[in-house]
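Work through the exercises below with the structure open. Try each task before you read its solution.

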Amino acid sequence: MLQLMIFGGIGLLAMVSEVLGFSRIMSLLFRVGTLVCIASLFINYGLDITWFGNMMVEDRFSQAFILTTCLMLATWTFGFGRKIGEDEFRNDYIALFSFSMVGGVMMLSYTNLVMLFLGLEILSIPLYVLVGSSKRNLKSNESAFKYFLMGAFASGIMLFGIAFLYGATGTFDLHQMSLQAQTGGTFPIFFHVGMVLLIFAFAFKMAVVPFHFWAPDVYEGAPNAMTVYMAALVKTFAIASAFRFFFLVFGGEAGIYSTLLIGMSAVSMLLGNIIGAVQDNPKRLLAYSGVGHAGFMLMAVIVNGQVGANALLYYSVVYSLSLFLAFFVLDKVLIHDDFYWSIGDFKGLAKRNPWLAMSMSVALLSMAGIPPLGGFYAKLFMLKAAFTNGHYVLIWAGLIGSLVAMYYYLKFIINMYSRNPDSDVDLNLTLNYWDKLVMGFIGITLLILGLFPDLVSALIRF
Amino acid sequence: MVSPVMENLLLVILLFPLLGAGLNLLIGNKVGEKGIGWIANTATGFSFLTALYVFFASGGCQSGLTFSMFEWFHFGKVSIPFSFYLDGLSGLFVLIITGIGSLIHLFSMGYMHGDKEIKRYFMYLNLFIFFMLTLVMASNYLLMFVGWEGVGLCSYLLIGFWYQNSTYSEAANKAFIMNRIGDLGFLLGTMLMAYHFGSLSFGDVFPQLSQFSDTGVLTAIGILFFIGAMGKSAQLPLFTWLPDAMAGPTPVSALIHAATMVTAGIYLLARTSALYVLAPLALDLVLYTGLATALLAAVIAVYQNDIKKVLAYSTVSQLGLMFAAVGSGGFGAGVFHVLTHAAFKALLFLGAGSVIHGLHGEQDILKMGGLKKSMPVTYLTFLIATLAISGIPPFAGFFSKDLILVTLYEARGPLFFGIALLISLLTAFYMFRLFFLTFHGSPRNDKLAHESPAGMKTALIVLAVLSVVLGFLGLPHIFAHPLGLSNLLEEQLKTAVVMSAPHLSATTEIVLMVITLTAVVITIALSKRKYGSVQSLMAEETRLTTLEKWASHKFYLDEIYETVVTKNMDRLARFTQHWADELIFHNISSLSGRSVREVGLVMRKIQNGNVGSYFTAMVLAMSLILIYFIFQ
């Protein structure tokens with residue numbers, strides 16, 4: 001659990017850095033720490049190591065996901081870290097991000113429900129603060145408060161569910177639970193109640209229907225850097241931990257709960273995208289599209305096993321990168337601070353700055369699943385996995401959802417390329433070399449992932 | 001034993017041109033015209049040197065070098081590796097591509113001097129070399145297809161290089177579309193192969209062939225691949241793009257539309273020779289198509305007056321001959337002709353380029369004449385190339401064409417030999433017509449001709465030397481045996497391609513050779529009598545017979561395609577636009593779009609921003625699901 005210690009250590013250092021007078025190098029330290037984390041993974045790569053009295057296990061699954069999420073975090077710091085670095089409270093943010101990463105790492109490697117709950121809380125509490133980090137902004141405050149209220153509700157549900165599970169099985173340990181499940185013991189009814197409640201709590205963090213209500217409001221109000229962190233990384237943590245639960249307890253399948261999960265996945269893909277189609281605010285639109293993508297990723301939990309893990313890993317990387325790119329552009333385009341953003345702000349972007357228009361198109365086309373970008377294989381792997389397991393409902397829902405999503409992704413592209421900019425906007429939207437570098441890097445990575453999909457999806461071999 | 005270092009060099013050969021293109025993209029604007037040219041030249045030059053080293057150090061790549069990078073992707077049972085492969089056949093092609101490519105890069109520096117877009121030109125040219133190398137070095141058909149499409153793209157970009165001229169960009173479009181038709185054939189063949197053999201790698205597919213009993217499938221794959229070759233190598237019915245492709249800069253015509261890209265079809269067929277020998281029906285189609293194309297294009301070439309058009313039809317005709325050789329089982333003969341043709345046809349095109357350059361853009365041979373004195377180097381090298389293509393010993397074309405004729409005679413008998421001989425005679429006739437009209441007689445225009453700069457001359461001279469010596473690589477047995485030499489080309493290709501050396505008796509072979517030679521010499525004499533000393537501007541020949549009139553209009557093929565294909569396609573498109581698109585699909589899609597919108601608008605009402613109502617909705621959903629689970 002080197003990664004846990006590194007992120008925890010950076011968090012603590014960041015808290016005292018102001019007092020001890022090394023606050024200037026803190027953001028550098030954070031970046032270096034992330035890279036050290038990535039490097040440290042290779043020390044034990046491919047080995048199973050247990051920690052904390054068998055409450056957490058570092059295995060192939062957790063290593064692969066920690067690796068990709070740390071890589072995503074590194075990309076995120078290079079893309080959005082600058083803006084945060086200029087803030088007067090930057091060290092507080094660094095501490096909060098580090099702590100939330102600690103929570104994330106725990107959620108990726110738990111084998112004990114206590115650790116899952118701890119991880120979820122450590123992940124969530126810094127997020128409540130980060131969402132409200134633009135303190136004088138009413139919208140930001142509103143979304144922080146909403147997120148906190150509903151998050152607390154979800155934590156309660158999870159704890160309630162864990163309590164039921166403990167009551168039914170007499171253990172918090174997933175291996176013990178799995179043994180009981182395999183020996184054919186019939187579980188009392190409140191085991192199912194516990195399971196369903198746990199699924200609800202996971203669903204809340206993933207933002208799938210009907211627990212998605214917080215997402216648009218929170219995404220809209222939070223500063224862009226926090227929104228994208230939540231939408232990309234936190235979503236990955238939540239879905240991967242749900243995957244891990246079913247993988248460890250039911251041995252690579254979703255069992256009788258697949259009906260419920262299929263329902264949530266299918267409805268998310270349909271409803272998320274359909275509501276997205278009538279949105280005009282780009283951030284809310286991407287929130288709803290995120291609901292659709294969460295539905296897609298939930299397929300991996302249902303299919304489970306080797307195929308599901310590979311598909312989920314690839315999907316999460318591609319989706320995170322596409323989202324980074326989209327929000328990076330969003331951050332440059334929606335510069336008026338009044339929260340009345342609309343797709344109209346993208347009018348004629350190609351004329352104002354072709355780099356931004358191109359990057360946005362790449363990001364959106366990747367999310368839409370157009371080859372040769374990564375999003376194509378992401379969706380293909382998921383659908384293929386669902387197909388081989390005979391979940392045809394998911395395939396139809398996924399296809400129809402993607403079709404509807406195409407509509408609003410193209411709306412952006414039409415606005416950017418075939419409309420003229422409004423007369424009152426600044427025609428020269430300038431970018432520095434760093435911005436171009438970040439956008440070029442992410443865009444090319446998406447292309448490379450689309451050309452060579454096995455680079456990522458082959459990281460997990462059970 | 002081949003060392004692994006050598007295999008890594010495969011990547012080096014491939015990456016140099018790509019590096020050149022990338023470097024020019026990044027710093028091309030800063031280094032000026034000379035710098036751009038040198039970057040591109042160095043890239044191809046190094047690629048050539050590396051290829052030479054690899055070729056000779058590994059003994060002609062006989063044992064086959066493989067450089068595997070990684071598994072590209074897999075789907076079902078089919079796994080596609082991203083790896084490159086060099087054997088006797090592809091080794092030869094790599095040398096042709098990088099060697100001729102280097103010379104043409106050198107020539108281009110003089111030819112394109114002063115063009116504002118020279119950076120774009122050299123980037124495309126380097127990119128072309130990269131894709132062409134990918135095509136021949138791929139270890140499987142899918143990677144080959146990547147190169148195949150890549151060269152198509154570069155060819156399109158370079159034909160339309162002067163895109164401000166709308167005729168030129170139309171020519172580019174035409175080339176691209178016709179190639180797409182062929183590409184579809186290639187792609188379908190690839191799919192069929194993947195379906196039946198579970199692999200697309202040469203190393204996996206060919207060994208399976210001996211156990212494969214379904215000749216129908218093999219024939220289908222063979223014909224589909226040949227359709228691909230028809231597009232790329234300009235065979236009937238897809239050849240009309242090549243003459244129009246002369247819109248591009250002349251060095252491009254030399255490199256892409258004469259020496260390398262258009263021979264990709266021959267490469268594909270030779271590479272797949274193991275399959276073709278099991279599919280005789282497909283080979284018959286190749287033979288007939290090749291001969292028909294060769295004859296038709298040769299007849300048309302006699303009546304063309306644009307120097308590049310004559311050469312273009314001549315290329316089509318020579319490619320037809322190569323396919324005829326391949327179609328009668330002489331894969332080696334086809335490849336041999338690719339090799340010699342690459343040298344002398346590139347030389348002819350560069351010579352034509354030199355003439356056009358010297359005459360400031362004049363392309364009509366009726367308005368040339370008398371260039372012998374003002375352009376001595378061009379004159380001499382052009383003469384060598386003309387002799388080579390006409391098949392006069394000891395120039396390169398003689399040996400390869402002789403091999404094709406002998407192969408045809410042996411495999412198909414005197415009739416086919418006679419047709420091929422007729423094609424050779426026509427070739428000699430129109431080539432010398434071109435030669436005499438251009439260089440002999442008296443000048444028929446008022447432009448002051450000048451010889452080309454040193455760089456261009458160097459390229460011409462090297463190619464002229466190649467046009468003389470390359471033929472000896474494939475010395476016929478009747479000459480080789482008495483001298484104690486061997487047929488180097490046969491040795492080179494025997495491991496990679498199915499070879500069938502002619503087994504005719506020496507007497508028959510010599511008789512055939514003598515017949516051919518005598519006929520060719522008589523033809524040249526005829527041509528000399530008619531065009532040898534034209535003094536004044538020739539009037540357009542008015543008293544044309546019907547056949548001649550047809551030929552000068554390329555048998556109205558373009559018009560026929562226009563009426564039969566394009567017009568009907570337009571009609572179909574308009575029909576579907578009106579009935580299917582506007583009436584049916586438009587309404588369906590707008591209806592479904594509207595319904596999605598309605599649903600969205602309704603659902604959005606729940607999202608009213610009030611946390612209380614969110615909780616209500618969530619708790620309601622939770623209760624329903626829980627009740628379902630408890631009472632199910």
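Helices (H or I, at least four residues) and strands (E, at least two) are DSSP runs, numbered from the N terminus. The model is predicted: local features need pLDDT of at least 70, side-chain atom pairs count only at pLDDT 80 or more, and totals for chains, interfaces and linings use all residues. Residues are numbered from 1 along each chain as its sequence is written.

**Exercise 1.** Place A:Phe247 in its helix, then decide whether A:Phe247 is buried, partly exposed or exposed.

*Solution.* Step one: find the helix. A:Phe247 sits in H10 of chain A, residues 224–249. Step two: apply the cut-offs. Buried means under 20% relative accessible area, exposed over 50%, partly exposed in between (1.4 Å probe, protein chains only). The relative accessible area of A:Phe247 is 23%, so A:Phe247 is partly exposed. Step three: list its contacts, meaning heavy atoms within 4.5 Å. Leaving aside neighbours within four places in sequence, A:Phe247 touches A:Gly252, A:Asn304, A:Gly305 and A:Phe462.

**Exercise 2.** Do the same for B:Asp183.

*Solution.* B:Asp183 belongs to helix H5 of chain B, residues 166–197. Its relative accessible area is 4%, so B:Asp183 is buried. Beyond neighbours within four places in sequence, B:Asp183 contacts B:Phe145, B:Trp148, B:Glu149 and B:Lys232.

**Exercise 3.** Describe how H3(A) and H4(A) pack.

*Solution.* Start with the angle and the distance. H3 (residues 60–85) and H4 (residues 90–109) of chain A pack at about 165°, with axes 11 Å apart. Axes are lines fitted to C-alpha atoms, for helices over the stretch in contact, and angles run from 0 to 180 degrees between N-to-C directions. Next, name the arrangement. Angles under 35 degrees count as roughly parallel, over 145 as roughly antiparallel, 65 to 115 as roughly perpendicular and the rest as oblique. H3(A) and H4(A) are therefore roughly antiparallel. Last, find the residues. Those in contact include A:Phe65 and A:Trp76 of H3(A), and A:Tyr93 and A:Phe97 of H4(A).

**Exercise 4.** Now describe how H14(B) and H17(B) pack.

*Solution.* H14 (residues 331–358) and H17 (residues 396–412) of chain B pack at about 155°, and their axes are 9 Å apart. H14(B) and H17(B) are therefore roughly antiparallel to each other. Among the residues that meet are B:Phe336 and B:Phe344 in H14(B), and B:Phe399 and B:Leu403 in H17(B).

Terms used:
Chains are lettered from A and ligands numbered from 1 in the order in which they are written. Side-chain values use heavy atoms; hydrogens and water are left out.
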